[in-house]
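Biologist: I'm new to this one, so could you put it up and take me through it step by step?

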Amino acid sequence: MRLQTIVALTDFSTAAEHALDRAALLAAEHKARLHLLFGAEQPDPKFVDPQARLEQRARQLARRHDLPVKALAYRGAGVVDEVLRAAVGADLLVLDKRAHQGVEQLWRGGTLSQILRRSPCPVLVVQRAAREAYSHVLLAVDFSPAADAMVRYASGLDTAAAVELFHAVDLRDEAKLRSAEASAQAVRAWRAQMQRHAHDRLVRLSDAFEARRNRVGMTVGMGDVARQVAVQQERSGAELVALMHRRRGWMLDLLLGSVAQRLLGDVGCDVLVYPHDYAGAAPRGTTAQPRVARRWTQAI
């Protein structure tokens with residue numbers, strides 16, 4: 001997997017500048033084009049001419065990383081619409097957490113929520129300063145048909161990073177067993193069976209991108225996906241967590257919350273959100289397989 005075009009959003013805040021730095025590191029790694037876009041929910045009087053500052057930032061990053069960087073023109077259509085337009089045809093969109101939210105966004109969600117729900121390409125939400133390449137990547141997989149593409153994409157972001165495959169077993173069926181007054185022994189047997197099944201699926205998934213010839217990390221958790229991924233991220237110290245995002249209407253996201261948004265509230269590392277219907281998932285070339293640490297644990 002090789003990225004060809006990366007789009008990064010900034011409002012020149014410290015958090016947004018971390019996102020630009022990460023986007024530049026990835027662009028240099030993949031020899032990709034980097035497009036910068038300015039977008040701020042609230043105007044900042046410090047920046048009289050944000051476009052001129054954006055162009056200056058583009059020149060700085062181009063010199064520092066020896067890569068093509070372009071400052072995109074802001075057309076005034078609103079931050080979300082500008083970002084989505086810039087992301088068309090891109091391989092990755094990079095931005096900060098963007099937690100702020102105006103009154104007009106109370107119903108449809110804040111800027112980040114809308115972008116995650118509608119982005120045509122994977123979105124990398126940067127929450128840490130980007131000083132070096134990722135060394136440990138945690139991939140939360142759901143065994144859907146798109147899981148293999150997500151694994152290939154996320155593990156290919158930084159081929160030197162260690163990779164850990166993670167799956168959280170849904171406990172709703174266990175709740176049904178308990179409500180039917182199943183014995184404790186039956187519940188334990190069900191858990192053991194689900195863990196074995198998940199482990200076998202993780203092994204097959206690792207085979208799909210030929211990682212079995214390397215050391216593969218595989219972990220199974222039990223319970224709520226967002227919570228279990230957050231727990232495993234803290235245990236492993238992963239600098240990047242990747243997960244699949246299934247598009248739903250804004251009303252469902254408002255009522256139930258998305259796993260991605262809940263996870264962003266629980267972890268302090270970067271989070272890659274991969275749309276399950278991403279059309280650009282086909283590999284464009286071959287790269288060295290990622291270095292991964294062989295480990296089999298159970299997070300209960």
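Biologist: Let's start with a cysteine: does C121 count as buried or exposed, and at what relative accessibility?

Modeller: Buried means under 20% relative accessible area, exposed over 50%, and partly exposed in between, using a 1.4 Å probe on protein chains only. C121 falls below the lower cut-off, so C121 counts as buried, at a relative accessibility of 0%.
This is a predicted model, so local features need pLDDT of at least 70 and side-chain atom pairs count only at pLDDT 80 or more, while totals for chains, interfaces and linings use all residues. Residues are numbered from 1 along each chain as its sequence is written, and side-chain values use heavy atoms, with hydrogens and water left out.

Biologist: What about C269, and how many disulfides does the count come to?

Modeller: C269 is buried too, at 0% relative accessibility. A disulfide here is a pair of cysteine sulfur atoms within 2.5 Å. By that rule, the number of disulfides is 0.

Biologist: Zooming out, how many helices and strands does the protein chain have?

Modeller: Both are DSSP runs numbered from the N terminus: helices are H or I with at least four residues, strands are E with at least two. Of the 300 residues in the protein chain, 50% count as buried. The secondary structure comes to 10 helices and 11 strands.

Biologist: What share of the contacts with a separation of 6 or more comes from residues 24 or more positions apart?

Modeller: A contact means heavy atoms within 4.5 Å. Among the contacts in the protein chain with a separation of 6 or more, the share from residues 24 or more positions apart is 81%.

Biologist: Which residues of helix 4 are buried?

Modeller: Helix 4 covers residues 111-118, and 7 of its 8 residues are buried, so helix 4 is largely enclosed by the rest of the structure. The buried ones are T111, L112, S113, Q114, I115, L116 and R117.

Biologist: And what do the buried residues of helix 3 pack against?

Modeller: Helix 3 is mostly covered, with 7 of its 9 residues buried. Those are V79, V80, E82, V83, L84, A86 and A87. They pack against strand 1 (5-10), strand 2 (33-38), strand 4 (92-96) and helix 4.

Biologist: At roughly what angle do the axes of helix 3 and helix 4 cross, and which residues make the contact?

Modeller: Axes are lines fitted to C-alpha atoms, for helices over the stretch in contact, and angles run from 0 to 180 degrees between N-to-C directions. The axes of helix 3 (residues 79-87) and helix 4 come within 10 Å and cross at roughly 30°. That makes helix 3 roughly parallel to helix 4, since angles under 35 degrees count as roughly parallel, over 145 as roughly antiparallel, 65 to 115 as roughly perpendicular and the rest as oblique. The contact is made by V79, V80, D81, V83 and L84 of helix 3 with, from helix 4, T111, Q114, I115 and R118.

Biologist: How do helix 1 and helix 2 compare: at roughly what angle do their axes cross?

Modeller: In helix 1, E17, L20, D21, A24, L25 and A28 meet R57, L61, R64 and H65 in helix 2. The two axes come within 11 Å, and the crossing angle is roughly 40°. That makes helix 1, relative to helix 2, oblique.

Biologist: Where is T219, and which side chain does it make a polar contact with?

Modeller: T219 lies in strand 8 (residues 217-222), and it is buried, with a relative accessible area of 1%. A polar contact is a pair of N or O atoms within 3.5 Å; within protein, one must be able to donate a hydrogen and the other to accept it, and residues adjacent in sequence count only if both atoms are side-chain atoms. The side chain of T219 makes one, at 2.5 Å, with the side chain of E164.

Biologist: What phi does D66 have, and where is D66 found?

Modeller: Most residues other than glycine have a negative phi. D66 is exposed, at 71% relative accessibility, and is found in the loop between helix 2 (50-65) and strand 3 (69-71). Although D66 is not a glycine, its phi is positive, at about 55°.

Biologist: And what is the phi of F143?

Modeller: F143 is in the loop between strand 6 (136-140) and helix 5 (147-156). At 16% relative accessibility, F143 counts as buried. It is not a glycine, yet its phi is positive, at about 65°.
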